[in-house]
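User: I should like to learn how to read the pockets, cavities and helices of a protein model. Could we begin with the terms and then turn to the case at hand?

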Amino acid sequence: MINSKRLIETFKELVALDSPSLDERLVCEYIKKYLADLKIEAEEDNAGAEIGGTTGNLYAFIDGDINAEPILFSAHMDTVEPAKGKKAVVHGDGTITSDGTTVLGSDDLAGVSSILEALKTIKENNIPHRPLELVFSICEESHCGGVSFFNFDRLKSKDAYVFDMDGKVGTAASSAPAIYSYTAEFIGKAAHAGFAAKDGVHAIKAAAKAVTLIPCGDVEKGITANVGIIEGGKATNIVPPYCKITGEIRGFDESKAEKRMQEVISICTAAAEEIGGTAKVEYEKMISAFNTTDDTSVVKRFKRICNELSLEGITYPTFGGSDNNVYCQHGLEGIVVATAMNNCHATNEFTTVDEMTNASELAYSLMTSED
(Lines give C-alpha, C1' and ligand atoms only; values in the text may rest on other atoms or scores of the structure.)
Protein backbone atom coordinates (compact mmCIF):
# COMPACT_ATOMS: atom_id res chain seq x y z
CA MET A 1 0.00 0.00 0.00
CA ILE A 2 3.02 2.29 0.18
CA ASN A 3 3.11 5.06 -2.42
CA SER A 4 6.73 4.77 -3.58
CA LYS A 5 6.66 7.91 -5.70
CA ARG A 6 5.40 10.02 -2.81
CA LEU A 7 7.87 8.40 -0.42
CA ILE A 8 10.81 9.34 -2.65
CA GLU A 9 9.53 12.90 -3.08
CA THR A 10 9.39 13.25 0.71
CA PHE A 11 12.91 11.89 0.96
CA LYS A 12 14.19 14.30 -1.69
CA GLU A 13 12.57 17.25 0.09
CA LEU A 14 14.13 16.25 3.41
CA VAL A 15 17.56 15.70 1.86
CA ALA A 16 17.46 19.20 0.38
CA LEU A 17 17.25 20.68 3.88
CA ASP A 18 20.52 21.47 5.66
CA SER A 19 20.65 19.25 8.73
CA PRO A 20 24.02 19.09 10.51
CA SER A 21 24.05 18.10 14.16
CA LEU A 22 22.93 21.01 16.38
CA ASP A 23 21.15 22.69 13.45
CA GLU A 24 18.17 20.47 12.60
CA ARG A 25 15.57 23.26 12.66
CA LEU A 26 14.54 22.96 9.00
CA VAL A 27 13.99 19.21 9.24
CA CYS A 28 12.09 19.59 12.51
CA GLU A 29 9.73 22.17 10.99
CA TYR A 30 9.17 19.93 7.96
CA ILE A 31 8.22 16.96 10.13
CA LYS A 32 5.96 19.07 12.36
CA LYS A 33 4.03 20.33 9.33
CA TYR A 34 3.85 16.84 7.79
CA LEU A 35 2.39 15.44 11.00
CA ALA A 36 0.05 18.40 11.47
CA ASP A 37 -1.39 17.73 8.00
CA LEU A 38 -2.21 14.23 9.28
CA LYS A 39 -3.85 15.73 12.39
CA ILE A 40 -0.98 14.51 14.55
CA GLU A 41 0.28 17.00 17.12
CA ALA A 42 4.03 16.90 17.75
CA GLU A 43 5.78 18.55 20.69
CA GLU A 44 9.32 19.81 20.71
CA ASP A 45 11.35 19.52 23.91
CA ASN A 46 14.14 21.77 25.20
CA ALA A 47 17.05 19.45 24.38
CA GLY A 48 18.39 21.96 21.86
CA ALA A 49 18.68 24.63 24.53
CA GLU A 50 20.48 22.15 26.78
CA ILE A 51 23.17 21.30 24.22
CA GLY A 52 23.42 24.53 22.23
CA GLY A 53 21.34 23.47 19.23
CA THR A 54 18.65 25.16 17.18
CA THR A 55 15.86 22.68 17.91
CA GLY A 56 14.77 19.97 20.31
CA ASN A 57 13.66 16.36 20.02
CA LEU A 58 10.22 15.94 18.48
CA TYR A 59 7.62 13.72 20.21
CA ALA A 60 4.10 12.60 19.34
CA PHE A 61 1.60 10.09 20.73
CA ILE A 62 -1.08 8.69 18.43
CA ASP A 63 -4.11 6.92 19.88
CA GLY A 64 -4.82 3.56 18.29
CA ASP A 65 -7.83 1.61 17.05
CA ILE A 66 -6.29 -1.78 17.84
CA ASN A 67 -6.32 -2.95 21.46
CA ALA A 68 -2.59 -3.46 21.82
CA GLU A 69 0.34 -2.00 23.69
CA PRO A 70 1.85 1.16 22.14
CA ILE A 71 5.16 0.85 20.36
CA LEU A 72 7.78 3.51 19.71
CA PHE A 73 9.16 4.44 16.28
CA SER A 74 12.26 6.59 16.23
CA ALA A 75 14.69 8.17 13.77
CA HIS A 76 17.12 11.07 14.00
CA MET A 77 16.98 14.38 12.17
CA ASP A 78 20.69 15.21 11.90
CA THR A 79 23.18 14.08 9.28
CA VAL A 80 26.97 14.00 9.32
CA GLU A 81 29.02 16.60 7.50
CA PRO A 82 29.20 17.61 4.73
CA ALA A 83 25.48 18.16 5.38
CA LYS A 84 24.78 21.47 3.67
CA GLY A 85 23.61 21.83 0.08
CA LYS A 86 22.60 18.18 -0.21
CA LYS A 87 20.70 16.95 -3.25
CA ALA A 88 19.18 13.52 -3.88
CA VAL A 89 19.80 12.26 -7.41
CA VAL A 90 17.49 9.45 -8.54
CA HIS A 91 19.15 7.33 -11.24
CA GLY A 92 17.46 5.25 -13.91
CA ASP A 93 18.07 1.98 -12.09
CA GLY A 94 16.37 3.24 -8.93
CA THR A 95 19.59 4.04 -7.08
CA ILE A 96 19.59 7.32 -5.17
CA THR A 97 22.85 9.17 -4.48
CA SER A 98 24.03 12.67 -3.66
CA ASP A 99 25.72 14.75 -6.34
CA GLY A 100 29.05 13.58 -4.91
CA THR A 101 29.95 16.75 -3.02
CA THR A 102 28.01 15.95 0.17
CA VAL A 103 26.62 12.97 2.00
CA LEU A 104 23.19 11.86 0.81
CA GLY A 105 21.69 11.85 4.29
CA SER A 106 19.87 8.52 4.04
CA ASP A 107 21.39 8.18 7.52
CA ASP A 108 18.87 8.93 8.83
CA LEU A 109 16.44 10.68 6.50
CA ALA A 110 15.57 7.34 4.91
CA GLY A 111 14.36 6.29 8.36
CA VAL A 112 12.41 9.53 8.83
CA SER A 113 10.80 9.24 5.38
CA SER A 114 9.87 5.58 5.85
CA ILE A 115 8.07 6.29 9.11
CA LEU A 116 6.26 9.35 7.72
CA GLU A 117 5.02 7.56 4.59
CA ALA A 118 3.76 4.62 6.66
CA LEU A 119 1.78 7.03 8.84
CA LYS A 120 0.35 8.85 5.84
CA THR A 121 -0.74 5.58 4.24
CA ILE A 122 -2.51 4.56 7.45
CA LYS A 123 -4.23 7.91 7.94
CA GLU A 124 -5.43 8.50 4.39
CA ASN A 125 -6.87 4.99 4.11
CA ASN A 126 -8.32 4.90 7.65
CA ILE A 127 -6.36 1.74 8.45
CA PRO A 128 -6.74 0.49 12.03
CA HIS A 129 -3.45 0.72 13.92
CA ARG A 130 -2.15 0.21 17.41
CA PRO A 131 -1.21 3.13 19.70
CA LEU A 132 2.01 4.69 18.43
CA GLU A 133 4.72 6.92 19.81
CA LEU A 134 7.16 8.87 17.68
CA VAL A 135 10.52 10.37 18.60
CA PHE A 136 12.56 12.25 16.01
CA SER A 137 15.80 13.07 17.78
CA ILE A 138 18.56 15.63 17.35
CA CYS A 139 22.33 15.30 17.49
CA GLU A 140 22.35 11.50 17.30
CA GLU A 141 25.60 11.58 15.34
CA SER A 142 27.34 13.06 18.39
CA HIS A 143 27.00 10.02 20.62
CA CYS A 144 23.20 10.40 20.94
CA GLY A 145 23.61 13.82 22.49
CA GLY A 146 20.01 14.85 21.84
CA VAL A 147 17.88 11.94 22.96
CA SER A 148 19.90 11.75 26.17
CA PHE A 149 17.99 14.88 27.26
CA PHE A 150 14.57 13.47 26.37
CA ASN A 151 12.01 13.08 29.17
CA PHE A 152 11.57 9.31 29.19
CA ASP A 153 8.88 9.46 31.86
CA ARG A 154 6.38 10.46 29.18
CA LEU A 155 6.87 7.28 27.14
CA LYS A 156 4.13 4.65 27.33
CA SER A 157 5.82 2.13 25.02
CA LYS A 158 7.91 -0.82 26.12
CA ASP A 159 9.03 -1.83 22.60
CA ALA A 160 11.08 0.43 20.33
CA TYR A 161 11.93 0.25 16.64
CA VAL A 162 14.76 2.62 15.81
CA PHE A 163 14.90 3.08 12.03
CA ASP A 164 18.61 3.84 11.77
CA MET A 165 20.68 0.93 10.47
CA ASP A 166 22.66 0.32 7.32
CA GLY A 167 22.28 -2.83 5.30
CA LYS A 168 19.45 -4.75 3.70
CA VAL A 169 15.90 -4.06 4.86
CA GLY A 170 14.71 -7.02 6.91
CA THR A 171 17.80 -7.04 9.10
CA ALA A 172 18.23 -5.34 12.47
CA ALA A 173 20.78 -4.87 15.24
CA SER A 174 19.77 -6.51 18.51
CA SER A 175 22.89 -5.61 20.48
CA ALA A 176 25.47 -2.84 20.45
CA PRO A 177 28.45 -1.88 22.61
CA ALA A 178 29.16 0.76 25.17
CA ILE A 179 31.39 3.52 23.79
CA TYR A 180 34.10 5.16 25.88
CA SER A 181 35.75 8.34 24.55
CA TYR A 182 39.03 9.61 26.00
CA THR A 183 41.62 12.35 25.64
CA ALA A 184 45.18 12.12 26.89
CA GLU A 185 47.14 15.35 27.33
CA PHE A 186 50.93 15.07 27.47
CA ILE A 187 52.71 17.94 29.19
CA GLY A 188 56.40 18.51 28.50
CA LYS A 189 58.61 21.60 28.48
CA ALA A 190 59.31 24.04 25.67
CA ALA A 191 62.87 24.85 24.61
CA HIS A 192 64.70 26.01 21.50
CA ALA A 193 65.18 22.94 19.33
CA GLY A 194 68.49 24.22 17.92
CA PHE A 195 70.65 25.39 20.83
CA ALA A 196 68.75 24.29 23.96
CA ALA A 197 67.08 21.03 22.99
CA LYS A 198 68.47 19.31 26.07
CA ASP A 199 66.42 21.66 28.26
CA GLY A 200 63.13 20.63 26.68
CA VAL A 201 60.74 17.78 27.41
CA HIS A 202 59.34 16.44 24.14
CA ALA A 203 55.58 15.91 24.61
CA ILE A 204 55.02 14.59 21.07
CA LYS A 205 57.58 11.82 21.61
CA ALA A 206 55.74 10.77 24.77
CA ALA A 207 52.42 10.75 22.92
CA ALA A 208 53.95 8.85 20.00
CA LYS A 209 55.29 6.15 22.29
CA ALA A 210 51.91 5.84 23.97
CA VAL A 211 50.17 5.49 20.62
CA THR A 212 52.51 2.68 19.58
CA LEU A 213 51.69 0.80 22.81
CA ILE A 214 47.92 1.38 22.99
CA PRO A 215 46.18 -1.65 21.43
CA CYS A 216 44.04 -0.68 18.44
CA GLY A 217 41.61 -2.56 16.24
CA ASP A 218 39.96 -5.79 17.40
CA VAL A 219 41.85 -6.02 20.67
CA GLU A 220 39.81 -8.98 21.93
CA LYS A 221 36.45 -10.59 21.24
CA GLY A 222 33.75 -7.96 21.57
CA ILE A 223 36.21 -5.09 22.18
CA THR A 224 37.56 -2.57 19.66
CA ALA A 225 39.83 0.39 20.27
CA ASN A 226 41.22 3.28 18.26
CA VAL A 227 43.40 6.36 18.55
CA GLY A 228 41.77 8.74 16.09
CA ILE A 229 43.35 12.19 16.58
CA ILE A 230 46.80 13.47 17.56
CA GLU A 231 47.63 17.17 17.78
CA GLY A 232 50.44 19.22 19.26
CA GLY A 233 53.51 21.32 18.68
CA LYS A 234 53.96 25.01 17.85
CA ALA A 235 56.88 25.30 15.42
CA THR A 236 59.72 23.22 13.99
CA ASN A 237 62.29 25.06 16.12
CA ILE A 238 60.50 24.50 19.44
CA VAL A 239 60.64 21.34 21.53
CA PRO A 240 56.88 20.68 21.82
CA PRO A 241 55.59 21.19 25.36
CA TYR A 242 52.12 19.81 24.66
CA CYS A 243 50.46 17.03 22.71
CA LYS A 244 46.97 15.54 22.86
CA ILE A 245 45.57 12.27 21.58
CA THR A 246 41.90 11.37 21.34
CA GLY A 247 40.52 7.86 21.05
CA GLU A 248 37.73 5.49 21.86
CA ILE A 249 37.00 1.99 23.16
CA ARG A 250 33.87 0.01 22.32
CA GLY A 251 32.79 -3.11 24.14
CA PHE A 252 29.74 -5.32 24.58
CA ASP A 253 31.10 -6.24 28.01
CA GLU A 254 31.44 -2.95 29.87
CA SER A 255 33.72 -4.37 32.55
CA LYS A 256 36.21 -5.47 29.86
CA ALA A 257 35.96 -2.08 28.15
CA GLU A 258 36.59 -0.33 31.46
CA LYS A 259 39.65 -2.54 32.01
CA ARG A 260 40.99 -1.55 28.59
CA MET A 261 40.42 2.09 29.47
CA GLN A 262 42.52 1.72 32.61
CA GLU A 263 45.23 0.13 30.44
CA VAL A 264 45.28 3.25 28.24
CA ILE A 265 45.68 5.44 31.31
CA SER A 266 48.62 3.38 32.55
CA ILE A 267 50.35 3.43 29.15
CA CYS A 268 49.99 7.20 28.77
CA THR A 269 51.19 7.89 32.31
CA ALA A 270 54.25 5.70 31.92
CA ALA A 271 55.16 7.14 28.50
CA ALA A 272 55.05 10.68 29.86
CA GLU A 273 57.02 9.90 33.01
CA GLU A 274 59.73 8.18 30.97
CA ILE A 275 60.71 11.49 29.36
CA GLY A 276 60.20 13.58 32.49
CA GLY A 277 56.75 14.85 31.61
CA THR A 278 53.22 14.24 32.84
CA ALA A 279 50.02 12.91 31.32
CA LYS A 280 46.41 13.72 32.14
CA VAL A 281 43.82 11.27 30.84
CA GLU A 282 40.08 11.97 30.97
CA TYR A 283 37.39 9.64 29.68
CA GLU A 284 33.64 9.35 29.52
CA LYS A 285 31.21 6.55 28.77
CA MET A 286 29.25 8.13 25.95
CA ILE A 287 26.58 5.43 25.67
CA SER A 288 25.88 2.13 27.42
CA ALA A 289 25.66 -1.27 25.76
CA PHE A 290 22.35 -3.00 25.01
CA ASN A 291 21.34 -6.57 24.24
CA THR A 292 17.79 -7.40 23.13
CA THR A 293 17.21 -11.15 23.08
CA ASP A 294 15.24 -13.23 20.58
CA ASP A 295 12.53 -14.10 23.10
CA THR A 296 11.36 -10.46 23.44
CA SER A 297 8.16 -9.28 21.78
CA VAL A 298 10.00 -6.58 19.84
CA VAL A 299 12.15 -9.19 18.08
CA LYS A 300 9.40 -11.78 17.65
CA ARG A 301 7.10 -9.22 16.04
CA PHE A 302 9.87 -8.00 13.74
CA LYS A 303 10.73 -11.50 12.55
CA ARG A 304 7.10 -12.50 12.02
CA ILE A 305 6.34 -9.44 9.93
CA CYS A 306 9.54 -9.79 7.92
CA ASN A 307 8.49 -13.34 7.09
CA GLU A 308 5.08 -12.06 5.91
CA LEU A 309 6.81 -9.46 3.72
CA SER A 310 9.33 -12.01 2.34
CA LEU A 311 12.19 -10.19 4.07
CA GLU A 312 15.04 -11.97 5.84
CA GLY A 313 14.09 -11.17 9.42
CA ILE A 314 17.65 -11.48 10.75
CA THR A 315 19.02 -9.82 13.90
CA TYR A 316 22.71 -9.49 14.71
CA PRO A 317 25.16 -7.49 16.85
CA THR A 318 26.65 -4.24 15.60
CA PHE A 319 29.60 -2.17 16.76
CA GLY A 320 27.71 1.03 15.91
CA GLY A 321 25.88 3.14 18.46
CA SER A 322 22.37 4.59 18.08
CA ASP A 323 19.57 6.17 20.08
CA ASN A 324 18.50 2.63 20.96
CA ASN A 325 21.47 2.40 23.33
CA VAL A 326 19.80 5.19 25.29
CA TYR A 327 16.25 3.84 25.05
CA CYS A 328 17.33 0.51 26.47
CA GLN A 329 18.83 2.24 29.49
CA HIS A 330 15.36 3.61 30.26
CA GLY A 331 13.42 0.37 30.40
CA LEU A 332 12.58 -0.18 26.71
CA GLU A 333 13.35 -3.25 24.65
CA GLY A 334 14.47 -2.13 21.22
CA ILE A 335 16.19 -3.07 17.99
CA VAL A 336 17.79 -0.92 15.29
CA VAL A 337 16.08 -1.56 11.97
CA ALA A 338 17.86 -1.37 8.61
CA THR A 339 16.37 1.38 6.46
CA ALA A 340 18.07 1.11 3.07
CA MET A 341 21.14 3.24 3.83
CA ASN A 342 24.51 2.18 2.41
CA ASN A 343 28.06 3.62 2.65
CA CYS A 344 26.93 5.89 5.49
CA HIS A 345 29.06 8.89 6.48
CA ALA A 346 30.63 9.08 3.01
CA THR A 347 29.94 11.10 -0.13
CA ASN A 348 29.28 7.86 -2.06
CA GLU A 349 26.36 7.03 0.29
CA PHE A 350 23.34 5.60 -1.52
CA THR A 351 19.92 4.04 -1.16
CA THR A 352 17.37 2.63 -3.61
CA VAL A 353 13.71 3.21 -4.36
CA ASP A 354 12.84 -0.47 -3.84
CA GLU A 355 14.61 -0.76 -0.50
CA MET A 356 13.13 2.48 0.83
CA THR A 357 9.71 1.16 -0.15
CA ASN A 358 10.47 -2.06 1.74
CA ALA A 359 11.46 -0.05 4.82
CA SER A 360 8.21 1.92 4.75
CA GLU A 361 6.16 -1.25 4.23
CA LEU A 362 7.91 -2.74 7.25
CA ALA A 363 7.05 0.33 9.34
CA TYR A 364 3.44 0.18 8.14
CA SER A 365 3.12 -3.50 9.04
CA LEU A 366 4.60 -2.98 12.48
CA MET A 367 2.26 -0.06 13.14
CA THR A 368 -0.81 -2.09 12.16
CA SER A 369 0.20 -5.32 13.90
CA GLU A 370 -2.10 -6.71 16.59
CA ASP A 371 0.51 -8.65 18.63
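Analyst: Let us start with residue classes: Ala, Val, Leu, Ile, Met, Phe, Trp, Tyr, Cys and Pro count as nonpolar, Asp, Glu, Lys and Arg as charged, and the others, Gly among them, as polar. By these classes, the lining of the largest pocket has 9 nonpolar, 7 polar and 6 charged residues. The model is predicted, so local features need pLDDT of at least 70 and side-chain atom pairs count only at pLDDT 80 or more, while totals for chains, interfaces and linings use all residues. Residues are numbered from 1 along each chain as its sequence is written, and side-chain values use heavy atoms, with hydrogens and water left out.

User: How is a pocket told from a cavity, and how much space lies in the largest pocket?

Analyst: Rolling a probe the size of a water molecule over the atoms shows where empty space is left. On a 1 Å grid over the protein atoms alone, a cavity is a set of points where a 1.4 Å probe fits but cannot get out, whereas a pocket is an open set with protein on both sides within 12 Å along at least five of seven lines; lining residues have an atom within 4 Å of a point. Grid points are joined across faces, edges and corners, and a volume is the space filled by probe spheres set on the points. Here the largest pocket holds about 430 Å³ of space. Its lining comprises 22 residues, and those nearest its centre are Glu 140, Glu 141, Gly 320, Gly 321 and His 345.

User: Which element gives the most to the lining of the largest pocket?

Analyst: Helices (H or I, at least four residues) and strands (E, at least two) are DSSP runs, numbered from the N terminus. β7 gives the most to this lining, with 3 residues. At least two lining residues come from each of β7 (159–166), β8 (171–176) and β18 (333–341).

User: Which residues line the largest cavity?

Analyst: The count comes to 1 cavity of 30 Å³ or more, and the largest cavity has a volume of about 30 Å³. Its lining is formed by Ile 214, Pro 215, Val 219, Ala 225, Ile 249, Arg 260, Glu 263 and Val 264. Of these classes, 6 are nonpolar, none polar and 2 charged. Helix α6 (residues 254–274) gives the most to the lining, with 3 residues.

User: How does one read a helix, and which residues of α2 are buried?

Analyst: One may compare length with expectation: the expected span of a helix is 1.5 Å times one less than its number of residues. Helix α2 (residues 25–37) has 13 residues and reaches 18 Å from its first C-alpha to its last, close to the 18 Å expected. For burial, buried means under 20% relative accessible area, exposed over 50%, and partly exposed in between (1.4 Å probe, protein chains only). In α2, Val 27, Cys 28, Tyr 30, Ile 31, Tyr 34 and Leu 35 are buried. Seen down the axis of α2, these residues fall within an arc of 160° and so line one face of the helix; the arc is that of the directions from the helix axis to the C-beta atoms. The face turned away from the buried side of α2 carries the exposed residues Lys 33 and Asp 37.

User: What do the buried residues of α2 pack against?

Analyst: Contact means heavy atoms within 4.5 Å. The buried residues of α2 pack against α1 (4–15), β1 (43–44), β2 (58–62), α4 (106–124) and β6 (132–137). In α4, 16 of its 19 residues are buried. The buried residues of α1 include Leu 7, Ile 8 and Phe 11, and their cover includes α2 and α4.

User: Which backbone features deserve a look, and is Asn 126 buried or exposed?

Analyst: A cis peptide bond joins Asp 107 and Asp 108, with omega about 15°, and Asp 108 lies in helix α4. The bond from Glu 81 to Pro 82 is also cis, with omega near -5°; Pro 82 lies in the loop between β3 and β4. Asn 126 has a positive phi of about 55° although it is not a glycine, and at 67% relative accessibility it counts as exposed. Ala 340, in strand β18, has a positive phi of about 75° and is buried, with a relative accessible area of 1%.
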